[in-house]
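I opened this notebook to record, entry by entry, what I looked up in the structure, beginning with the ligand and then turning to the nonpolar cores.

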Amino acid sequence: MTNVDLAGVYDARAAIPFDGSTNRGEIEATLALVRALAPSLDTTILDVGCGAGWFLSALAGEGYRRISGIDISAKNLHLAERHCGDTVTNLILGDIATSTIGDFELVTALNACLGCFGPPDDQRFLKGIQGVLKPGGRLLLTYVGPDAARRRAGEYRVRYSAGSPVEVCSQVHIQSGWLIICQTIDGRPVPEERIRIIEAPILKRMLSRAGLEFDAAAVMTEIATALPFVSLALATRPTLSRLAGGLAV
Ligand SMILES: C[S@@+](CC[C@H](N)C(=O)[O-])C[C@H]1O[C@@H](n2cnc3c(N)ncnc32)[C@H](O)[C@@H]1O
């Protein structure tokens, strides 16, 4: 799939008037993790695949003042501009895999940006994140593991009522290692979304190949329980001294 096709899938979903209220509990749980990882409100944070900017606006609401977002979908980025105004430092239209920005202390990548349409071992997304992190910087990633995929499978009908009401019908199924999400928005079908289901050992290998260390000690069970529809991973870009120490062993 080309970047233009990928952007088209998410541009179509920008028509859903999501206002952050349907998943407030998940946003709160993720904010709790960010507070633990980034106690200083001056931490430089990049939200990768920021979508319509709801997590960025939640970060701004917490008082974080050096926050940026990147997304490949122009329509979503436009919504993020509207929602966040001047509370964000920078909103970038583009693919994280080829991004030239850098030096963030924390990167968040939430809700299935990893694995969107990628081949099983696609490293580009994580390598792109490694490139924008400072040495010692942290990654908070949610992805779709097998348990989260099973919990998501099924049929749903959700009515969003920010502005004029819109009904979204979703049929979610698992097929050959993919989570396949077919949706209609007010009866109109949008291009199907396919997210690779990634098992934890494979994710660890992918992180390591991308130059990131999986942080097993930091996985907080009670927060993971509050996020039933995604799997949670924390990783660190090692500092140069840590890399050198590792090489000396
Ligand atoms: C399922 S949405 C999640 C949006 C938001 N993070 C949230 O939690 O509501 C995935 C988002 O990732 C973006 N995305 C996917 N691949 C990307 C890439 N390689 N670079 C930047 N954005 C990407 C999509 O355009 C889409 O807005």
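Entry 1, the ligand's polar contacts. I am working from a predicted model, and I began with Leu-110, which has a backbone N or O atom lying 3.0 Å from a nitrogen atom of the ligand. I then looked up how much of the ligand is covered: taken alone it exposes 600 Å², and the protein buries 85% of that. I also noted that a backbone N or O atom of Gly-49 lies 2.7 Å from a ligand nitrogen, and that a polar backbone atom of Ile-96 is 3.1 Å from a nitrogen atom of the ligand.

Entry 2, the shell. I found 16 residues around the ligand, of which Gly-49, Asp-71, Asp-95, Leu-110 and Asn-111 come nearest. Sorting the shell by class, I recorded 8 nonpolar, 5 polar and 3 charged residues.

Entry 3, the cores. I asked which residues have the most contacts inside the largest nonpolar core, and for this core of 28 residues I wrote down Val-34, Leu-56, Leu-59, Ile-67 and Leu-140. The elements that give two or more residues to this core are helix H2 (24–37), helix H3 (54–62), helix H4 (74–84) and strand E11 (231–236), and the largest share, 6 residues, comes from H2. Leaving aside residues up to four places away in sequence, I listed what Ile-67 touches, namely Ile-45, Leu-56, Leu-59, Ala-60, Thr-87, Val-88, Thr-89 and Asn-90. Apart from the largest core I noted another one, of 26 residues, including Ile-129, Tyr-143, Leu-203 and Ala-210.

Definitions and conventions. Residues are numbered from 1 along each chain as its sequence is written. This is a predicted model: local features need pLDDT of at least 70, side-chain atom pairs count only at pLDDT 80 or more; totals for chains, interfaces and linings use all residues. Side-chain values use heavy atoms; hydrogens and water are left out. A residue is near a molecule or strand if one of its heavy atoms lies within 4 Å of it. A polar contact is a pair of N or O atoms within 3.5 Å; within protein, one must be able to donate a hydrogen and the other to accept it, and residues adjacent in sequence count only if both atoms are side-chain atoms. Accessible areas come from the Shrake-Rupley method with a 1.4 Å probe; for residues, only the protein chains shown count as cover. Ala, Val, Leu, Ile, Met, Phe, Trp, Tyr, Cys and Pro count as nonpolar, Asp, Glu, Lys and Arg as charged, and the others, Gly among them, as polar. A nonpolar core is a set of buried Ala, Val, Leu, Ile, Met, Phe, Trp, Tyr and Cys residues joined through side-chain atoms within 4.5 Å. Buried means under 20% relative accessible area, exposed over 50%, partly exposed in between (1.4 Å probe, protein chains only). Helices (H or I, at least four residues) and strands (E, at least two) are DSSP runs, numbered from the N terminus. Contact means heavy atoms within 4.5 Å.
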